[in-house]
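Hi,

Here's the structure I said I'd pass on to you. Have a look at it first, then read my notes underneath.

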Amino acid sequence: MDRDEIFSWVKDERLSLADFLDELDDHEWKAASLCPGWTTHDVAAHLTTSARTVSMPAAILDTARGVIRARGDFNRMIADQARERAARFGPAELVARFRETAGSPLRDPGSRPLDPLVDALVHGQDVARPLGRVREMPAERVIAALGRVLGTGFYGAPKRLRGTRLVATDLDWSAGEGPDEVRGPVGDLLLLATGRAAGLAGVSGPGVGRIAAALQAVVPGTS
């Protein structure tokens, strides 16, 4: 894919998400998100670290230090960073910082150009769905994000979806091989691929039980 187009999508999603967060009240900022143990405030804090403004060498050093402090647990490191940042900055400050860095081309060490798009799309649902709010996701961007998620082991999708074929019901798209099929809107399929059980509500098919069991067996991370 064209990197300029991906970069444009990422910036648009970040700015849209900043506007969304700006509309939330104090109660909604304290509400639980789809990320286990994370509030909306924690998710917003995490998002401001993904659009980091430091150089890549400094980011790598920060990550290494964080992993050491978390005793080698990457997900714990991410959670620690998010909560520490949430404790330091209030909602308005975080939204302002997120908006200011929306156009930043920098990303987490080891990540690929599409990962920030996955981050913005999925974390947007992490905060919107528990609040009963609807946050639309452009189909073209979701398909690109799904391609990235399904093509790497980082999000756990290959293992989680083994033996399952995903079929979109809102556009012409499918992926995967196996005896079991799961059908639903691409947004719900993206949530399942990234370990969010909330995506089960919008899907059907003989593979649903297989994915539900896989989601129960492994506590999802925050990626």
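Below is what I found, starting with the sheet and ending with a serine. Keep in mind that this is a predicted model.

The sheet is an open one made of three strands, in the order β2-β1-β3, with mixed pairing. β2 (174-175) and β3 (180-184) are at the edges with a single partner strand each, so one side of each has no neighbour in the sheet. As background, strands of a sheet pair through backbone hydrogen bonds, either parallel or antiparallel. Here, β1 (residues 164-168) runs parallel to β3, and five bridges join them. If you want a spot to zoom in on, find R165, which sits opposite E181 in β3.

Next, the nonpolar cores. The largest has 32 residues, and L146, W173, V182, L189 and L190 touch the most other members. Among the elements that each supply at least two of its residues are α1 (3-22), α7 (115-128) and β1. The largest share, six residues, comes from α10. V182 is worth clicking on: leaving aside neighbours within four places in sequence, its contacts include L166, V167, L189 and I211. Another core, of 25 residues, lies apart from that one, and F20, V43, A44 and A82 are among its members.

Last, is S33 buried or exposed? It's in the loop between α2 (26-29) and α3 (40-50), yet it counts as buried because its relative accessibility is 11%, and the cut-off for buried is under 20%. A polar atom of the S33 side chain lies 3.1 Å from the backbone nitrogen of C35. Not counting residues up to four places away in sequence, S33 also touches W38, D126 and P130, among others.

Cheers

Technical notes: Residues numbered from 1 in each chain as written. Predicted model: local features only at pLDDT ≥ 70, side-chain atom pairs only at ≥ 80, totals over all residues. Heavy atoms only, no water. Pairing = 2+ DSSP bridges. Helix = DSSP H or I, 4+ residues; strand = E, 2+ residues; numbered from the N terminus. Buried < 20%, exposed > 50% of the residue type's maximum accessible area, 1.4 Å probe, protein only. Polar contact = N/O pair within 3.5 Å; in protein donor to acceptor, adjacent residues only side chain to side chain. Contact = heavy atoms within 4.5 Å. Core = buried A, V, L, I, M, F, W, Y, C linked by side-chain atoms within 4.5 Å.
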